[in-house]
Amino acid sequence: MTLKSLIGGIILTTMTLLAPASALAGDDFTLGRTILLEHGNRGADIPLLVCRNTDAIKLKAKRRLHLKRIKVTFQNGDTRTFNFFRDMKKGEETDWRKFAYRRCVTHIEVFGNSDGSTAGVTVMGRER
């Protein structure tokens, strides 16, 4: 296997994995996922490999958790913090938290604690 065919295979695989996620979700897409710990005092990082444009975000809980806040970093270095301070059940989603306009998100930090040992969180964006 040559280096060209290996790189081509990696690019094709990456494109195949990324394309269906936005096509299946309709207007919504996954910005990232992370895990909150039971006694976590630090935020759970979600670094984005590529800048993703969105005008709003919402979170979905994979297990019971206490969500404190989320900090979003944009391409130009600006940040925006959304406070939640609420308990969430498995499968529950927050409302959309809007930005003033479409922004390019480069990093997300989720603050909160799980009800058990760990709890997954999915951060969603939208294409509108």
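Start your tour at arginine 126, which lies over the face of tryptophan 96, at 5.1 Å from the ring centre. Before you go on, bear in mind that you are looking at a predicted model.

**The sheet**

Now switch to a cartoon view and colour by strand. What is the order of the strands in the open sheet of six? Reading across, you should find β1-β6-β2-β5-β3-β4, with antiparallel pairing. Strands β1 and β4 are the edge strands, each pairing on one side only. Turn the view to follow the twist, which averages 45° from one strand to the next. In general, strands of a sheet pair through backbone hydrogen bonds, and the pairing is either parallel or antiparallel.

Next, zoom in on β1 and β6. These two run antiparallel and are joined by nine bridges. Select leucine 37 and look across to β6: threonine 118 stands opposite.

While you are here, pick threonine 34, which also belongs to a strand, β1. Is threonine 34 buried or exposed? Its relative accessible area is 12%, so threonine 34 is buried. Show everything around threonine 34, leaving aside neighbours within four places in sequence, and you will see contacts with Ala44, Asp45, Ile46, Val110, Ala119, Gly120 and Val121.

**The nonpolar core**

Now show side chains. The largest nonpolar core has 24 residues, and Ile70, Ile108, Val110 and Val123 touch the most other members. At least two residues of this core come from each of β1 (28-37), β2 (44-61), β3 (65-74), β4 (79-88), β5 (97-114) and β6 (118-126). Which strand gives the most? That is β2, with six residues.

Centre the view on isoleucine 70. Setting aside neighbours within four places in sequence, isoleucine 70 is in contact with Ile57, Leu59, Arg80, Thr81, Phe82, Phe84, Ile108, Glu109, Val110 and Val123.

**The aromatic rings**

From there, select the phenylalanines. How many aromatic pairs does a search of the whole structure find? The search finds two. Phenylalanine 74 and phenylalanine 99 form one that is edge-to-face, 5.0 Å centre to centre with 90° between the planes. Because phenylalanine 74 lies in strand β3 and phenylalanine 99 in strand β5, the pair ties together parts that are 25 residues apart in sequence. Phenylalanine 74 and phenylalanine 99 are both buried. Add Phe82 to your selection: ring pairs link Phe74, Phe82 and Phe99 into a cluster.

Keep phenylalanine 74 on screen and bring in arginine 103, which lies over the face of that ring, at 3.8 Å from the ring centre.

**A loop residue beside arginine 103**

Arginine 103 leads you to aspartate 78, as the two are in contact. Aspartate 78 lies in the loop between β3 and β4. Beyond neighbours within four places in sequence, aspartate 78 is in contact with Val72 and Thr73 too. Aspartate 78 has 38% relative accessibility, so it counts as partly exposed. Try a distance label from aspartate 78 to valine 105: they are 27 residues apart in sequence and 9.8 Å apart in space, C-alpha to C-alpha.

**Last stop: an unusual phi**

Finish at phenylalanine 85, in strand β4. What is notable about the backbone of phenylalanine 85? Its phi is positive, about 45°, although phenylalanine 85 is not a glycine. For comparison, most residues other than glycine have a negative phi.

Notes: Residues are numbered from 1 along each chain as its sequence is written. This is a predicted model: local features need pLDDT of at least 70, side-chain atom pairs count only at pLDDT 80 or more; totals for chains, interfaces and linings use all residues. Side-chain values use heavy atoms; hydrogens and water are left out. A nonpolar core is a set of buried Ala, Val, Leu, Ile, Met, Phe, Trp, Tyr and Cys residues joined through side-chain atoms within 4.5 Å. Buried means under 20% relative accessible area, exposed over 50%, partly exposed in between (1.4 Å probe, protein chains only). Helices (H or I, at least four residues) and strands (E, at least two) are DSSP runs, numbered from the N terminus. Contact means heavy atoms within 4.5 Å. Rings of Phe, Tyr and Trp (its six-membered ring) pair if their centres lie within 6.5 Å; planes under 30 degrees apart count as stacked, over 60 as edge-to-face and the rest as tilted. A charge sits over a ring if NZ of Lys or CZ of Arg is within 6 Å of the ring centre and within 35 degrees of the ring normal. Two strands pair if DSSP finds at least two bridges between them. Axes are lines fitted to C-alpha atoms, for helices over the stretch in contact, and angles run from 0 to 180 degrees between N-to-C directions.
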